[in-house]
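Welcome, and please take a moment to turn the model around on your screen. Let's walk through how its sheet is put together.

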Amino acid sequence: MLTARSRSSSILAISALLLMLLGTACARLQPATDFQVTLFNGEEFQLFDQAGQSAVVLNFWYPSCPPCREEMPYFEAAWQEHRSDGVRFLGLFVPMGFDSEQDARDFVYDLGLSFEFGTDQQALIALSYQVEYFPTTIFIDAKGKIFKKEISNLDTEAIDSILADMDLG
C-alpha cells in the first residue's frame, strides 16, 4: 500500500516528466526566425520564402573550427542524397577570429562542396538563433518551424535520421 508521502512523490515525478515532455514538444514547434543573406554565388536567400516549399538545414560554422571541418563532407553527402527531397542545405559562415569570408570561400571550393553557403555578417543570424557553440545545425521544417537544434558535428547517418523524422514539404 502506498503511503501519502510516496504517492505524493510519484505524482510529483510524473508531473515533472510530463512537463519535460511538453516542453520538448513545444520547443520543436517554435517558429524559425526569418533572415536574408547573400549567398556565395550572389543570389539572395530569404528563409520565409522557403515556407511551404522546402525544409532547410541551417549549419553555422567557420573554417578554422575542427569539428566544422570534419562534418562538411558528411553534409555534402547528405545534400547529394536529399537534394531532390524538398530540402535545402545552407552553410552560414560566422566570422570568428582570424577567418575571413575569403577563407570560407576557399574552404568550400577546396572541399568541392555544392550546397549553398553565405556569410552571417556580424553574426546577427547566429545571435537570433542563440548559437553559442560550433558547429550548430538548425533543422527547419517546411512549415517554417524549428524541428531540431544540434550542437555537435554530425555525420551523414545522423543527418539522414533527423531528415527522415522531419516534414520536408
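Below is a short tour of the sheet, its strands and one residue at its edge.

## The sheet as a whole

Keep in mind that you are looking at a predicted model. Its sheet is open and has five strands, in the order 5-4-3-6-7, with mixed pairing. Strand 5 (116-119) and strand 7 (146-150) are the edge strands, each pairing on one side only. From one strand to the next, the twist averages 20°.

As a reminder, strands of a sheet pair through backbone hydrogen bonds, in either a parallel or an antiparallel way. Both kinds appear here: strand 3 runs parallel to strand 4, while strand 3 and strand 6 pair in the antiparallel sense.

## Strand 3 and its two partners

Try strand 3 (55-61) next. Seven of its seven residues are buried, so strand 3 is largely enclosed by the rest of the structure. In a regular strand, side chains alternate between the two faces of the sheet. Here Ala55, Val57, Asn59 and Trp61 point one way, Val56, Leu58 and Phe60 point the other way, and all are buried.

On one side, seven bridges join strand 3 to strand 4. Along this pairing, Asn59 stands opposite Gly91, and Trp61 has Phe93 as its bridge partner. To get from strand 3 to strand 4, the chain passes through helix 2 (residues 66-82), and this β-α-β crossover is right-handed.

Strand 3 also pairs with strand 6 (residues 136-140), over five bridges. Within that pairing, Val56 is matched with Ile140.

## Strand 4 and the way to the edge

Strand 4 covers residues 87-93 and pairs with strand 5 in the parallel sense over four bridges. In this pairing, Leu90 stands opposite Glu116 and Gly91 stands opposite Phe117. Gly91 therefore deserves a second look, because it has Asn59 of strand 3 opposite it as well as Phe117 of strand 5. Six of the seven residues of strand 4 are buried, so strand 4 is largely enclosed by the rest of the structure.Strand 4, helix 3 and strand 5 form a right-handed β-α-β unit. Helix 3 (residues 101-111) packs on the sheet, where it touches strand 3, strand 4 and strand 5. The direction of helix 3 makes about 120° with that of strand 3.

## A closer look at Thr119

Now find Thr119, which belongs to strand 5. Is Thr119 buried or exposed? Its relative accessibility is 6%, and the cut-off for buried is under 20%, so Thr119 counts as buried.

Which residues is Thr119 in contact with, leaving aside its neighbours within four places in sequence? They are Val37, Thr38, Phe40, Leu92, Phe93, Pro95 and Glu101. With Glu101 there is also a polar contact of 2.8 Å between the side chains. Phe93, another of these contacts, is the residue that pairs with Trp61 of strand 3.

Conventions
Residues numbered from 1 in each chain as written. Predicted model: local features only at pLDDT ≥ 70, side-chain atom pairs only at ≥ 80, totals over all residues. Heavy atoms only, no water. Pairing = 2+ DSSP bridges. Helix = DSSP H or I, 4+ residues; strand = E, 2+ residues; numbered from the N terminus. Axes fitted to C-alpha atoms, helices over the stretch in contact; angles between N-to-C directions. Contact = heavy atoms within 4.5 Å. Buried < 20%, exposed > 50% of the residue type's maximum accessible area, 1.4 Å probe, protein only. Right-handed = clockwise from strand over helix to strand, strands pointing away. Polar contact = N/O pair within 3.5 Å; in protein donor to acceptor, adjacent residues only side chain to side chain.
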